[in-house]
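Biologist: I am new to this structure and would like to learn how to read its cysteines and one of its sheets. Where should we begin?

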Amino acid sequence: QLQLVESGGGLVQPGGSLRLSCAASGFTLDYYAIGWFRQAPGKEREGVSCISSPDGSIYYADSVKGRVTISRDRAGNTVYLQMNSLKPEDTAVYFCAAGAIPWHTLSSNWMAERSYDYWGQGTQVTVSS
């Protein structure tokens, strides 16, 4: 069974850090572009970051650029999202997704949910004092 599982969410104070993990089972993440999305209450889901395959190109939303780092652990079949300097507006459910997105189209397609084939169940991130 093909599955993505996110973990690492939680409650953190403003200015704090969290590292989210996206672990795959049943398939190898190496062959997919992996995106992180988030959905805040009452808002649409939005793209946060993406790491491509095979060239490893990385994309960030303007709202998180400079505070977030995406990385891939090929041996562990896991993708991470390190989030620093967290703000209350980062509060959301965070999802990871895998898509067989042609690398040369990623710059224009990575933020589109329709580009992804597999989704995790999400992990809650709450930034509050």
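Modeller: A disulfide is a pair of cysteine sulfur atoms within 2.5 Å. In general, a disulfide is a covalent bond between the sulfur atoms of two cysteines. Keep in mind that this is a predicted model.

Biologist: How many disulfides does a search of the whole structure find?

Modeller: The search finds one. The disulfide joins Cys-22 to Cys-96, with an S to S distance of 2.1 Å. Its two cysteines lie in distant parts of the chain, 74 residues apart: Cys-22 is in strand β3 and Cys-96 in strand β9.

Biologist: Is the disulfide of Cys-22 and Cys-96 right-handed or left-handed, and why?

Modeller: The torsion about the S-S bond is about 70°, so this disulfide is right-handed.

Biologist: Is Cys-22 buried or exposed?

Modeller: Buried means under 20% relative accessible area. Cys-22 has 0%, so it is buried, and Cys-96, also at 0%, counts as buried.

Biologist: Why is there no bond from Cys-50 to Cys-22?

Modeller: The closest cysteine sulfur to that of Cys-50 is in Cys-22, and at 11 Å it is too far for a bond. Cys-50 is buried, with a relative accessible area of 0%.

Biologist: Now the sheet. What is the order of strands in the open sheet of four?

Modeller: The order is β1-β3-β8-β7, with antiparallel pairing. β1 and β7 stand at the edges with a single partner strand each, so one side of each has no neighbour in the sheet. Direction ignored, neighbouring strands here are turned by 15° against each other on average.

Biologist: How many bridges join β1 to β3?

Modeller: Five bridges join these antiparallel strands. Val-5 stands opposite Ala-23 in β3.

Key: Residues numbered from 1 in each chain as written. Predicted model: local features only at pLDDT ≥ 70, side-chain atom pairs only at ≥ 80, totals over all residues. Heavy atoms only, no water. Buried < 20%, exposed > 50% of the residue type's maximum accessible area, 1.4 Å probe, protein only. Pairing = 2+ DSSP bridges. Axes fitted to C-alpha atoms, helices over the stretch in contact; angles between N-to-C directions.
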